[in-house]
Amino acid sequence: MADEGAFTVAGIAAAPGTLAEGTLDVPARAGDAGASLPFSILHGAAAGPVLALVAGIHGMEYVPILTLQRLRTAIDPATLRGTVLMVHIANPPSFFGRTIYYSPVDGQNLNRVFPGRADGTLSERIADVLTREIVGRATHLVDLHGGDGNESLRPYSYWITTGAPAVTQASRDLALAFGLDRIVVDGDRPTDPATSMYLSNTAITRGIPAITTEVGGLGQTDDASIAVVERGVAGVLSALGMRDGGPPPLSAPMWLTRNAVLRASATGVFRAAVQCRDIVVAGARIGRLSDAHGRTIEEVVAPFGGEVMYVVGTPPVSAGEPLAMVSAGTVG
Ligand SMILES: [Zn+2]
């Protein structure tokens, strides 16, 4: 058997100790041209976990996409225990269309339509393929995000606490292993696998430990941010026993239990008064929302004292969309 011990995704087989690559193909339908999601399989020579690393759910979050290009050659399958499944660009219509938040094809936010539908919009079909071919094959998953093309962001992780207790504990271990020193404690996610909405929550509602990480922003591609994601993945590989060495888990992050996403009350022009990482007091000005002529619609203020995790750094905003997130918590 030539394929003995191989790991196969979408008809692409990686023999033990080798790298294989292919595309997850979402066929065209009336109204759209479909999509091809590039993936890599780094199949270790020895058995172990199957770690899925997904980049580019939001197409202008470039740092994770560039990091996976580096890690693809930096992780040696010959010495790996287990398998790393990489999706390099999970949302090609958004990436090549250069759009924030929404697909240029159907106007949907891919990270709100999971687990997807095989007969739905292009975003829903992409979600369906990721759910079946990636979540369905993984034992652990990291959904790699960053500030979108309009967002200035300081690095943090989301830890979802609404899964089964063992999944919640293992997800906490992933967040500590990834090593970002701000962890948003997220107890507000759907628990029904049929309405999981988010990629990481799709894994968690199916019993697979997962986190979402946020590194980079404003469409930038800086090496410092790429190094942060590389270090994060190295920590996860070490914690899961897939590779020797690597950085140890974080011992005392800040657990962010109060998180306020400030949203635009109207469509208009936003000018931030703070930067990410700024510490603000309750009532502090976060920014000013004006109409197109420059008349103030709203002075946006912090609802409580905390740290600015991200803030919109470019002027256009639409009613209901995030302007900033302010978070507070405790170290431990
Ligand atoms: Zn994102």
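In the predicted model, His58 is buried, with a relative accessible area of 9%. A residue counts as buried when this value is under 20%, so the 9% of His58 places the residue in that class. His58 is also one of the residues that hold the zinc ion: the donor atoms are ND1 of His58, two OE atoms of Glu61, and ND1 of His145, at 2.0 to 2.3 Å from the metal. Along the sequence, these donor residues follow the spacing H-x2-E-x83-H. The two histidines come from distant parts of the chain, 87 residues apart. His58 belongs to the loop between strand E5 (46-55) and helix H1 (62-74), whereas His145 belongs to strand E7 (residues 140-145). His145 is likewise buried, with a relative accessibility of 2%.

The geometry of the zinc site is irregular, as the angles among the 4 donor atoms run from 58 to 144°. Ideal angles for four tetrahedral donors are 109.5 degrees. To count as tetrahedral, four donors must have all their angles between 85 and 135 degrees. The range of 58 to 144° goes beyond both of these limits, and the site is therefore not classed as tetrahedral.

The chain as a whole contains 6 helices and 19 strands. For 332 residues, a compact globule would be expected to have a radius of gyration near 20 Å, and the value of 20 Å found for the chain agrees with this. The C-alpha trace spans about 70 × 50 × 35 Å along its principal axes. Of the 332 residues, 53% count as buried. The accessible surface amounts to about 13,200 Å², and carbon and sulfur atoms account for 53% of this area. Among contacts between residues at least 6 apart in sequence, 71% join residues that are at least 24 apart.

Strand E6 (residues 81-87) illustrates burial at the level of a whole element. Of its 7 residues, 6 are buried, so strand E6 is largely enclosed by the rest of the structure. Strand E4 (residues 35-43) pairs with E6 in the antiparallel sense over 5 bridges, and within this pairing Ser40 has Met86 of E6 as its bridge partner. Strand E5 pairs with E6 in the parallel sense, over 6 bridges. Here the bridge partner of Ala52 is Leu85 in E6.

A further set of strands forms an open sheet. This sheet is made of 4 strands in the order E16-E15-E13-E18, with antiparallel pairing. Strand E16 (296-301) and strand E18 (316-317) stand at the edges; each has a single partner strand, so one side of each is left without a neighbour in the sheet. The pairing of strand E15 (residues 285-290) with E16 is antiparallel and comprises 5 bridges. In this pairing, Arg285 has Val301 of E16 as its bridge partner. In a regular strand, the side chains alternate between the two faces of the sheet.

The loop between helix H2 (92-97) and helix H3 (122-133) contains Pro115. Pro115 is buried, with a relative accessible area of 12%. Beyond its neighbours within four places in sequence, Pro115 is in contact with Ala127, Asp128 and Thr131, and also with Pro193, Ala194, Thr195, Ser196, Thr202 and Arg206. Although Pro115 and Met197 are 82 residues apart along the chain, their C-alpha atoms are separated by 6.5 Å.

Thr131, one of the contacts of Pro115, lies in helix H3. This threonine counts as buried, at 9% relative accessibility. Apart from neighbours within four places in sequence, Thr131 is in contact with Phe114, Pro115, Gly136, Thr202 and Arg206. Thr202 and Arg206 thus appear among the contacts of Pro115 and among those of Thr131. The C-alpha atoms of Thr131 and Thr195, 64 residues apart along the chain, are separated by 12 Å.

Ser103 is also placed in the loop between H2 and H3. With a relative accessibility of 4%, Ser103 counts as buried. Its contacts, leaving aside neighbours within four places in sequence, are Pro93, Gln108 and Ser123.

Technical notes
Residues numbered from 1 in each chain as written. Predicted model: local features only at pLDDT ≥ 70, side-chain atom pairs only at ≥ 80, totals over all residues. Heavy atoms only, no water. Buried < 20%, exposed > 50% of the residue type's maximum accessible area, 1.4 Å probe, protein only. Contact = heavy atoms within 4.5 Å. Pairing = 2+ DSSP bridges. Donors = N, O, S within 2.8 Å, 3.2 Å for Na, K, Ca; no water. Tetrahedral: all angles 85-135°; square planar, octahedral: opposite > 155°, others 65-115°. Rg over C-alpha atoms; globule rule 2.2 N^0.38 Å. Areas by Shrake-Rupley, 256 points an atom, 1.4 Å probe, with all protein chains shown as cover.
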